[in-house]
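Please open the structure in your viewer and keep the selection tool at hand. The tour goes from stop to stop, saying what to select and what is there.

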Amino acid sequence: MKFRFPWPGRKKKAKEPAKDRPAVPQWRRSGSSREVRFLREENRHGDFHPQGRILKLEPDKGLLAKSKGRARHIAYFVGAFIVLIIGNLFYLQIVKRTDLQQKAIAQISGEHMEVSPRGSIVDRNGEELAVSVISKSLYVDPQELRDDPDRWPGRRVPDRDPRQVAAHKLAPILGMDEQDLYDRCKASDLRFVWIKRMLDPYEEEAVKKLLKDEKLAGFHFQEESKRYYTKNKLAAQVLGFVGTDDKGLEGIEASMDDVLKGKPKKQNNFFDAKGNRIGKSGFNEVITRRMNTVELTIDANMQFILERSLDDAIQRTKAASAAAVLMDPNTGEILGMASRPTFDPNDFSASSQEAFKNRAVNIIYEPGSVFKPIIGCAGLMEGIITPDTPFNDQGSIDVGGRRIRNWDGAGRGHIKFEDIIKFSINTGMADLGLKLGGEKETEYAKRFGFGAPTGSDVPGEQSGILYDPKDMVPSDVATMAIGQGIAVTPLQMLRAICAIANGGKLVRPYIVRRVIAPDGKVIEETKPRVDSQVISEEVAGQMRDMMEKVVSEGGGKPAQIKGYKIAGKTGTAEKLSPKGGYIPGVYIASFVGFVPADHPQYAMLIMLDSPKGAFYGSQVAAPIFKDTLQQILVAKGIQPGDSSELPTVESLTLEKQPAPAELPELVPDEEGNVKLPNLAGYSIRQIQTILYGGGLSLIPQGSGTSWKQDPPPGTVLHAGDSVTVLFR
């Protein structure tokens, strides 16, 4: 008997009466057969069994074959699908792995040039003079500057010119001309156009907000190192400045560019699905790399005093320019170097090339009488003279058809050689020069370092000019002895005088003290260097004594500082004309000296170019030397060697100045802080005593009685801070 089983979707027949309806089977699979239970079935008597019964029937072989075929097809399909998936995974994970990795990284990352800030420049005490910070520069890709529908989801793309919008909105923020900005944005043939370099932080934030609000594409930021000079104009010519590409253009910035300049490094940033940069992680953490620090020999406090003195000198004398150099005569360390006119390296583009000149090394001039000690040492070394050698000064002398006169035209009769130095007598020096001869004069000038660069690390140094002995006529020999007919730099002149101060050693000047790595390790250090012993200690000592008398008894009296032995020499020379010869009525005034005269610690030269009115070195340069050096001595706490001429307590009382017992007492608290009192009405020595008790240092300005101070009274300072006090 065959049975037909209903399939889903097959229409059911109408129900038949119970007697005529065939049995309806219910079945389930059991092994290879089916159990069919008939709910109703006739027995042999034609009656229906009330419970029905279970019959074992053979399966339908055709139906089974169809089921097996269907299952086989399904299995083939599933197997093929699995093989296809595995094959595709193999292709993606093995064959295309590298390409897909690169594409994936490109989608979530962006290449970024990490810029290391330029190394710092500090003074000898570690005070920062030039530092760098990382700032953002703005550029545009004109081909990206368009309105993409993706930037306006669910909204209609506005009808506008994005270049015009960008120019109109950005120009006020960046302080730029709107038309110029528009022209940059429409350069469709370019992919990179700078908009503005080195944005200030507030500009950067304002630009970012505007680009986001206006949905402007194509604008990007690039990190660059921006240079700041913390003291503005201080030591401007020494430091120099840096261009927009972080390249040193002048001064130490240029000469030490390889040491200071930061090295760019590629860095990948990672972004989420919305384009936001992912936060700190091991993948995109940017570790800023610091560069080397250059430590100079300059003392910022001394430099400040030196430059302020030059500013005062320019104001008083109306000089066209000026230069000053302060050195340690024993080591060659340059403690201060100033030049006027000057500029602010933070805004160097606003100044002229003339202001960039470091006149201490890159101008040459006739030294005049400050050169006389050099020829005097030559005469002493050659045994031609002694300090007591007599001369007969007639006020003038004829040499080779040229008349050489004393500065005042007067003759002093029979005098010693030390008086020739003391009163700067031209006739006596011309006579000595003729006795030495041109070859010896030039030989000793070269010994003292003239006619060639000093070998210092100060950029832009000139060589100077000396005669060729073969071409010298008698008048040249005589005028060279009084400092005319040759040309020197201020640094050369000071270096030569330092050889007299330190016992005859020609030290090499230097301004870079050391180079320090980011980890604090010293990788380069300049040591004091003696190039040669140019004169004997005995001759150096004799000339020191004569130069001390120049200040104490002779023409250098305006440079006297009470309580201190000062050795020095004045100089006044006609100014050379670029066309040849001299400029009538135009002079260069100078003063060079050192202190204390017996054990020098500081040597300094002041040079004023073309002062108006008074022009002698003793009139205009010596007072500047005195004021500057006095402030430095007090600021550094160098006590006077001779107190015989200093004011007594009684004289201070007569001047209505407080007695020492009435001086305010500064006692630092546990943290080293002190409260500054009112310092008006005291002398320099009293102010120094007051501040010393609190661990403070004094920067005096002027002389006499104090009347103004900075910071003001009541300011809380920390031990080691400085106080500027004005005296009159």
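A residue is called buried when its relative accessible area is under 20%. Keep that cut-off in mind for the first stop; note too that the model is a predicted one.

**Stop 1: two cysteines.** Select cysteine 377. Its relative accessible area is 0%, so cysteine 377 is buried. Now select cysteine 498, which is likewise buried because its relative accessible area is 0%. How many disulfides does the count come to? The count is 0.

**Stop 2: the largest nonpolar core.** In soluble globular proteins, nonpolar side chains tend to be buried together. Here the largest nonpolar core holds 95 residues. Select Leu296, Phe448, Phe450 and Met493, the members that touch the most other members of this core. Next, colour helix α17, residues 490-501, which supplies the largest share of the core with 9 residues.

Stay with phenylalanine 450 and show what surrounds it. Leaving aside neighbours within four places in sequence, phenylalanine 450 is in contact with Phe371, Ile374, Ala445 and Leu466, and also with Val488, Gln492, Met493 and Ala496. A second core, separate from the largest one, has 33 residues. To find this second core, select Met302, Ala338, Ile606 and Ile624, which are among its members.

**Stop 3: glutamine 484.** Go to the loop between α16 (474-481) and α17, where glutamine 484 lies. Is glutamine 484 buried or exposed? Its relative accessibility is 15%, so glutamine 484 counts as buried. Show side chains here: that of glutamine 484 makes a polar contact with the side chain of arginine 402, at 3.5 Å. Beyond four places in sequence, the residues in contact with glutamine 484 are Glu366, Arg402, Tyr467, Thr479 and Tyr582.

**Stop 4: strand β10 and its partners.** Select strand β10, residues 293-296. Strand β5 (residues 121-122) is joined to β10 by 2 bridges, and these two strands run parallel. Within this pair, valine 122 stands opposite glutamate 295 of β10. Add strand β18, residues 512-516: 4 bridges join β18 to β10, and this pair runs antiparallel. Leucine 296 has valine 512 of β18 as its bridge partner. Leu296 was also selected at the second stop, as one of the core members that touch the most others.

**Stop 5: valine 259.** Move to helix α8 (residues 257-260), which contains valine 259. Which residues is valine 259 in contact with, leaving aside its neighbours within four places in sequence? They are Met291, Asn292, Val294 and Val515. Draw a distance between the C-alpha atoms of valine 259 and methionine 291: the separation is 7.8 Å, though these residues are 32 residues apart along the chain.

**Stop 6: an open sheet.** Finish with the 3 strands that form an open sheet in the order β25-β28-β26, with mixed pairing. Select β25 (697-701) and β26 (706-710), the edge strands, each of which pairs on one side only. From one strand to the next, the twist averages 30°. Then select strand β28, residues 722-727, which runs parallel to β25 and is joined to that strand by 5 bridges. One residue pair to look for is glutamine 701 with its bridge partner in β28, leucine 726. Last, add helix α21, residues 684-693, which packs on the sheet and touches β25, β26 and β28. The direction of helix α21 makes about 155° with that of β25.

Technical notes:
Residues are numbered from 1 along each chain as its sequence is written. This is a predicted model: local features need pLDDT of at least 70, side-chain atom pairs count only at pLDDT 80 or more; totals for chains, interfaces and linings use all residues. Side-chain values use heavy atoms; hydrogens and water are left out. A nonpolar core is a set of buried Ala, Val, Leu, Ile, Met, Phe, Trp, Tyr and Cys residues joined through side-chain atoms within 4.5 Å. Buried means under 20% relative accessible area, exposed over 50%, partly exposed in between (1.4 Å probe, protein chains only). Contact means heavy atoms within 4.5 Å. A polar contact is a pair of N or O atoms within 3.5 Å; within protein, one must be able to donate a hydrogen and the other to accept it, and residues adjacent in sequence count only if both atoms are side-chain atoms. Two strands pair if DSSP finds at least two bridges between them. Axes are lines fitted to C-alpha atoms, for helices over the stretch in contact, and angles run from 0 to 180 degrees between N-to-C directions. A disulfide is a pair of cysteine sulfur atoms within 2.5 Å.
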